[in-house]
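Ready for a few exercises? Have a go at each task before you read its solution.

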Protein chains: 2
Amino acid sequence: MKIVFIGAGNLATRLSLEMHRAGMHIGQVYSHTRQSAETLAKLLGCSWTVSTDDVVTDADLYVFSLKDAVLPDIISRIKPNAGLWVHTAGSVPMEIFKEYSRRYGVLYPLQTFSKKQEVSFDMIPFFIEANTPEDLAVLRKIARALSENVQLLSSEKRKVVHLSAVFACNFTNHMYALAAKLLEEHGISFNMLLPLIDETAAKVHTLSPREAQTGPAMRYDENVIRKHIDMLSDPDMKALYEFVSKSIHKEVSENE
Amino acid sequence: MKIVFIGAGNLATRLSLEMHRAGMHIGQVYSHTRQSAETLAKLLGCSWTVSTDDVVTDADLYVFSLKDAVLPDIISRIKPNAGLWVHTAGSVPMEIFKEYSRRYGVLYPLQTFSKKQEVSFDMIPFFIEANTPEDLAVLRKIARALSENVQLLSSEKRKVVHLSAVFACNFTNHMYALAAKLLEEHGISFNMLLPLIDETAAKVHTLSPREAQTGPAMRYDENVIRKHIDMLSDPDMKALYEFVSKSIHKEVSENE
């Protein structure tokens with residue numbers, strides 16, 4: 001089985017390297033950005049191109065791993081072929097391929113990927129979908145070679161999973177970033193927060209996030225809330241503090 | 001050394017139990033709430049009271065672990081004695097004790113505590129402060145018996161650490177709660193998100209949160225951002241999504 005990666009970003013990098021490690025054959029990498037294509041192809045020991053015209057047509061699987069906004073354009077520029085075309089996007093329906101390929105599907109790993117950061121794939125949920133039972137079986141086999149957690153999920157439900165992941169990961173990481181900024185301004189090391197960050201994540205393995213909630217907004221400790229808002233100099237951080245505190249208090253009140 | 005706990009909430013529960021485990025002698029628990037006082041005292045094998053008048057005066061250490069708003073009143077109601085009085089609050093200056101005790105300080109563990117959830121104390125940063133070098137040494141010894149990470153920190157800097165912890169822990173947990181709510185509404189298990197939540201926390205051990213940031217707001221993928229806002233039915237969640245996305249984009253732009 002020969003695989004082509006269309007895209008060489010964070011997700012494409014980690015996924016293709018993991019497939020490579022699992023013994024799958026990546027034949028070619030395409031990226032709009034020469035340096036990204038070249039860097040990833042070198043790691044995979046395969047050829048690369050920056051031109052959609054030069055994407056080979058004899059591969060068995062094409063993995064489109066691109067920013068959602070450019071997906072339609074790039075898909076339309078790949079030469080028709082007999083391979084299975086899949087994307088890795090949370091919020092794009094499988095049917096985006098309909099006009100361009102007979103065989104298509106989705107291979108969506110629910111994880112945050114950075115080029116520089118290795119991550120263990122064993123437990124990553126892979127949500128798959130395909131337009132035929134045969135190709136669903138192909139994708140299931142590939143995903144199972146990478147992870148123990150492979151599930152069929154509709155495009156509709158995948159969108160919800162993706163949206164929830166933005167809260168649980170991207171927004172969470174931004175809360176870390178704002179905390180880091182505050183500490184930096186006062187010359188305190190961000191590392192101080194790591195045991196707290198780890199425990200906050202560990203807690204929701206055994207308690208629901210609602211049960212795990214602590215802090216001034218949860219206790220409605222107006223005293224502390226007011227002091228904290230006064231301490232923040234950045235008006236956007238002030239507003240965010242107030243907004244999130246209200247949202248916490250609302251959730252708590254609704255569930256009492 | 002005999003210790004009295006004034007308060008029987010989340011922090012008081014976990015801290016007193018850990019002190020007990022480390023061989024320290026807790027003599028009495030006070031709480032305004034009879035059930036809390038009784039439950040904790042039972043676990044510690046000590047006496048309890050709901051009346052500040054009945055708090056013993058012969059202890060060596062008094063640990064005030066209460067909501068900030070009630071601290072001043074309860075402190076003023078404890079009978080003067082020769083013990084060392086400390087609180088465990090992030091945002092309250094040490095000087096709150098000044099009028100009521102000759103010996104005072106702060107013992108602030110930077111962690112999220114829930115009554116039901118055991119937590120390992122070894123790595124928890126303990127920030128300490130006292131009004132004399134002798135009592136600072138007493139607090140250092142106590143904290144070192146619980147954790148490897150004990151540091152002297154001023155009341156001013158402790159306030160900043162506490163504020164950053166609200167972002168890194170309480171607001172983070174609320175992001176988990178909103179994600180859980182979304183998944184629940186669509187009958188998808190929150191457990192799906194655990195590998196992502198764990199990796200998001202693990203990443204900031206090696207990358208700065210800024211480097212670790214991923215997702216639609218980071219890529220400024222307006223396509224996805226728009227779709228996500230449209231998907232959210234709760235107007236507060238819509239507003240929060242938009243607000244946090246803008247804040248992420250702002251941070252990214254400022255640091256490019």
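Helices (H or I, at least four residues) and strands (E, at least two) are DSSP runs, numbered from the N terminus. You're working with a predicted model, where local features need pLDDT of at least 70, side-chain atom pairs count only at pLDDT 80 or more, and totals for chains, interfaces and linings use all residues. Residues are numbered from 1 along each chain as its sequence is written, chains are lettered from A and ligands numbered from 1 in the order in which they are written, and side-chain values use heavy atoms, with hydrogens and water left out.

**Exercise 1.** Locate B:Tyr220 in chain B, then do the same for A:Tyr220 in chain A.

*Solution.* Start with chain B: B:Tyr220 sits in the loop that links helix H8 (216-219) to helix H9 (222-231). Now look at its phi, which is positive at about 50 degrees although the residue is not a glycine. Next, accessibility: buried means under 20% relative accessible area, exposed over 50%, and partly exposed in between (1.4 Å probe, protein chains only). B:Tyr220 is partly exposed because its relative accessibility is 39%.
Over in chain A, A:Tyr220 is in the loop between helix H8 (216-219) and helix H9 (222-231). A:Tyr220 isn't a glycine either, and has a positive phi of about 50 degrees. Its relative accessibility is 39%, so A:Tyr220 counts as partly exposed.

**Exercise 2.** Take stock of chain A: how many helices and strands are there?

*Solution.* Count 10 helices and eight strands in chain A. Then check burial: 58% of the chain's 256 residues count as buried. Finally, the C-alpha atoms of chain A fill a box of roughly 65 × 40 × 30 Å along the principal axes.

**Exercise 3.** Is A:Thr88 buried or exposed?

*Solution.* First find A:Thr88, in the loop between strand S5 (84-87) and strand S6 (104-109) of chain A. With a relative accessible area of 6%, A:Thr88 is buried. Then list contacts (heavy atoms within 4.5 Å). Leaving aside neighbours within four places in sequence, A:Thr88 touches A:Leu11, A:Leu15, A:Val63, A:Phe64, A:Ser65, A:Leu107, A:Tyr108 and A:Pro109.

**Exercise 4.** Describe how H9(B) packs against helix H10 (residues 235-254) of chain B.

*Solution.* Two packed helices are described by the angle between their axes and the distance between the axes. Axes are lines fitted to C-alpha atoms, for helices over the stretch in contact, and angles run from 0 to 180 degrees between N-to-C directions. For H9(B) and H10(B), the angle is about 160 degrees and the axes are 8 Å apart. That makes H9(B) roughly antiparallel to H10(B); angles under 35 degrees count as roughly parallel, over 145 as roughly antiparallel, 65 to 115 as roughly perpendicular and the rest as oblique. Who makes the contact? H9(B) brings B:Ile225, B:Arg226, B:His228, B:Ile229 and B:Asp230, while H10(B) brings B:Lys238, B:Tyr241 and B:Glu242.

**Exercise 5.** Which residues of chain A does B:Asn173 contact?

*Solution.* Begin in helix H5 (residues 155-185) of chain B, the home of B:Asn173. B:Asn173 counts as buried, at 3% relative accessibility. Skipping neighbours within four places in sequence, its contacts are A:Thr200, A:Val204, A:Pro209, A:Ala212 and A:Gln213.
Now try H5(B) with H9(A): their axes come within 11 Å and cross at roughly 100 degrees, which means H9(A) is roughly perpendicular to H5(B).
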